[in-house]
Amino acid sequence: MNNLIGQSRQKVASIIESEGIPQSQIKLLWGWMYNKGERDFACMKPLSKDLKNKLSSKYRLDYGKEHYHHISRDGTRKWIIQMEEGSRVETVYIPHHNPRFEQQKNPNNENIQQKQKQKE
C-alpha cells in the first residue's frame, strides 16, 4: 500500500485523480490529512463510504512513530519521528511566550516578574 503522507499536494491529486475521484473530494481528503491530522479514512466524515473503502484498500496514512520526545524547561518540545522506511525526521515546537500569561500561570516565576518590573 502506498503512503499518502509526505507526498506533495500535486502528487496526491494525481494519484487520486487516477482513481477517478473528483477534484472536490481531493480537497476534502487533503484537509482531513493535513489540517485535521486524521490517520483513518473511515473517520473522514464528508467522504462517501465507497471512496473511504477504495482509499483504505489501496493507500494508507502513516505519519511515522515517535522515536524520541523531549520537553525543555522553557517549554520547547523536540520530537524525532521514525518513518516506516527507516529514516528519521526531527521536529521542534518553540512556544511563544507571553509574559502576562506566564505570570498568571506561574505566579512564582521570578524572571517574568523581573521583566515586568523593568517595563514599568
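Which residue in E4 does lysine 65 stand opposite? In this predicted model, the residue facing lysine 65 is glutamine 82 in E4, and the pair offers a way into the sheet to which strand E4 belongs.

Strand E4 covers residues 77–82 and runs antiparallel to E3, to which six bridges join it. The sheet as a whole is open and consists of three strands in the order E3-E4-E5, paired in antiparallel fashion. Strand E3 (65–71) and strand E5 (88–93) stand at the edges, and because each has a single partner strand, one side of each is left without a neighbour in the sheet. On average, and with direction ignored, neighbouring strands of this sheet are turned by 15 degrees against each other.

The helices can be approached through two of their residues. Leucine 55 has its place in helix H3, which spans residues 49–58, and with a relative accessible area of 1% it is buried, since that value lies under the 20% cut-off. Leaving aside residues up to four places away in sequence, leucine 55 touches Ile16, Ile21, Leu29, Phe41 and Leu47. For one of these contacts, isoleucine 16, the separation from leucine 55 is 39 residues in sequence and 8.6 Å in space, taken from C-alpha to C-alpha.

Glutamine 25, for its part, lies in helix H2, formed by residues 23–35. Its relative accessibility is 17%, and glutamine 25 therefore counts as buried, the limit being under 20%. With residues up to four places away in sequence again not counted, glutamine 25 touches Pro46, Leu47, Ser48 and Leu51. Leu47 is thus a contact of glutamine 25 and also a contact of leucine 55.

Methods:
Residues are numbered from 1 along each chain as its sequence is written. This is a predicted model: local features need pLDDT of at least 70, side-chain atom pairs count only at pLDDT 80 or more; totals for chains, interfaces and linings use all residues. Side-chain values use heavy atoms; hydrogens and water are left out. Helices (H or I, at least four residues) and strands (E, at least two) are DSSP runs, numbered from the N terminus. Buried means under 20% relative accessible area, exposed over 50%, partly exposed in between (1.4 Å probe, protein chains only). Contact means heavy atoms within 4.5 Å. Two strands pair if DSSP finds at least two bridges between them. Axes are lines fitted to C-alpha atoms, for helices over the stretch in contact, and angles run from 0 to 180 degrees between N-to-C directions.
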